[in-house]
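Here is a short walk through a structure, written for someone who will want to look at it while reading. Keep the viewer open and follow along from residue to residue.

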Amino acid sequence: MAGTVLFFLFAGFAIACAVSMVYHRNPLYSAISLIGVFLALAALYLTLAAPFIAITQILVYAGAIMVLVVFVIMLLNLDEDKPLNRLKYLYAVGGGLGLALLAQTFFIFYAVLKTPKAEVDPNMTAGRTMSIGRAMYTEYLLPVEIVGVMLLMAIIGAVILVRKMEQPHLELVSEGEDEKE
Amino acid sequence: MQPGLESYLALSGILFTIGAVGVVYKRNAIGMFMCIELMLNAVNLTFVAFSRYYGDVTGQLFVFMVMSVAAAEAAVGLGIIIAFFRNRLSVDVDDASILKF
């Protein structure tokens, strides 16, 4: 019973924070709402017997990534979004996409509800840090190495992207360049 | 007593829907970025729920991989946003529609 209460508490909190994130125009409010979603999801991972993933979620998402996002928001001094002057059909596209995804969600919900229940092993060890670490460094060693290389590439790419490069002042010599604007 | 697998899948689907609709509605590049993070998290919840109900550790390992990809994406994506802001003094994606400059 307590598990159900906790699930609905954190699920409601996650959905409310997600809606608030999309609703708010100020990017800083959106970021703080997103941190709420991450914390609620971390609590849900704990109820799913995955403490390692829950702690990693808080460390990586709520800690590192959101600090980076808030840092960029404050660095760029972003104000609120301007009123919408975008193509109007995007409203219809967004609404249709949302309805399709929700219909799919409820279809999956009823499909899974009808199948016989999978038995949950109460003393399952799959979420323990030790079993994750063992699987990570034996069976899934190659993917972990690839993730390491990918993180290195991301660091180098970010540095190259943000670095102010000394650009030679090039003159455009091709004809027809003046007509365009 | 715990809610069944279908409850977690429904929550994950709802969060993914909110994220997908948000990507379409937001015009702020950082807002779109945060909606993408929300979608990644919804998928992570599915992985952990299946991992719990089938007693397999693979789902949680894949969540770890998704988190690494999200961290790399944050670094590179925010780098692109800063570089774009330097050129245009804006992070509105409508200003980035020319694929030029």
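In the loop between helix H2 (27-47) and helix H3 (51-76) of chain A sits Ala49(A). This is a predicted model, and in it Ala49(A) has a positive phi of about 60° although it is not a glycine. Is Ala49(A) buried or exposed, or something in between? At 27% relative accessibility it counts as partly exposed, because buried means under 20% and exposed means over 50%.

**Chain A as a whole**

Stepping back from that loop, chain A has six helices and zero strands. Read from the N terminus, its elements run α-α-α-α-α-α. Chain A has 181 residues, and 34% of them count as buried. Its accessible surface comes to about 12200 Å², with 70% of that belonging to carbon and sulfur atoms. If you take the contacts in chain A between residues at least 6 apart in sequence, 53% of them join residues at least 24 apart.

**Where helices of the two chains pack**

Two packed helices are described by the angle between their axes and the distance between the axes. Here are two pairs that bring together chain A and chain B:

| Helix pair | Angle between axes | Axis distance |
|---|---|---|
| H6(A) and H3(B) | about 10° | 9 Å |
| H3(A) and H3(B) | roughly 5° | within 11 Å |

How are H6(A) and H3(B) oriented to each other? Angles under 35 degrees count as roughly parallel, and at about 10° these two helices are therefore roughly parallel to each other. To find them in your viewer, look for residues 141-162 of chain A, which form H6(A), and residues 58-88 of chain B, which form H3(B). On the H6(A) side, the residues that meet H3(B) include Pro143(A), Val147(A), Met150(A), Leu151(A) and Leu161(A). On the H3(B) side, the partners include Met65(B), Val69(B), Val76(B), Ile80(B) and Arg86(B). The residues of this contact divide into 17 nonpolar, two polar and one charged.

The second pair, H3(A) and H3(B), is also roughly parallel. By class, the contact of H3(A) with H3(B) has 22 nonpolar, three polar and no charged residues.

H3(B) is also home to Gly77(B). With a relative accessible area of 19%, Gly77(B) is buried, since the limit for that class is under 20%. Which distance separates Gly77(B) from Tyr54(B)? The two are 23 residues apart in sequence and 35 Å apart in space, C-alpha to C-alpha.

**Around H1(B) and H4(A)**

Another place to see the chains touch is helix H1 of chain B, where Thr17(B) is found. Thr17(B) counts as buried at 6% relative accessibility. Leaving aside neighbours within four places in sequence, Thr17(B) is in contact with Gly98(A), Leu101(A), Leu102(A) and Thr105(A).

Leu97(A), in helix H4 (residues 89-114) of chain A, also reaches across to chain B. Setting aside its neighbours within four places in sequence, Leu97(A) is in contact with Ala20(B) and Val24(B). Leu97(A) counts as partly exposed, at 34% relative accessibility. Within its own chain, Leu97(A) lies 82 residues along from Ile15(A), and their C-alpha atoms are separated by 18 Å.

Ser12(B) is in H1(B), which spans residues 5-25. At 5% relative accessibility Ser12(B) counts as buried. Which residues does Ser12(B) touch, not counting those up to four places away in sequence? They are Ala42(B), Val43(B), Leu45(B) and Thr46(B).

**The cysteines**

How many disulfides are there over all chains? The count comes to zero. Why is Cys17(A) not bonded to Cys35(B)? The sulfur of Cys35(B) is the closest cysteine sulfur to that of Cys17(A), but it is 14 Å away, too far for a bond, because a disulfide needs the pair of sulfur atoms within 2.5 Å. Seen from the other side, the closest cysteine sulfur to that of Cys35(B) is in Cys17(A). Both residues are buried: Cys17(A) has 11% relative accessibility, and Cys35(B) has a relative accessible area of 0%.

Note on methods: Residues numbered from 1 in each chain as written. Chains lettered and ligands numbered in written order. Predicted model: local features only at pLDDT ≥ 70, side-chain atom pairs only at ≥ 80, totals over all residues. Heavy atoms only, no water. Helix = DSSP H or I, 4+ residues; strand = E, 2+ residues; numbered from the N terminus. Buried < 20%, exposed > 50% of the residue type's maximum accessible area, 1.4 Å probe, protein only. Contact = heavy atoms within 4.5 Å. Areas by Shrake-Rupley, 256 points an atom, 1.4 Å probe, with all protein chains shown as cover. Axes fitted to C-alpha atoms, helices over the stretch in contact; angles between N-to-C directions. Parallel < 35°, antiparallel > 145°, perpendicular 65-115°, else oblique. Nonpolar A, V, L, I, M, F, W, Y, C, P; charged D, E, K, R; others polar.
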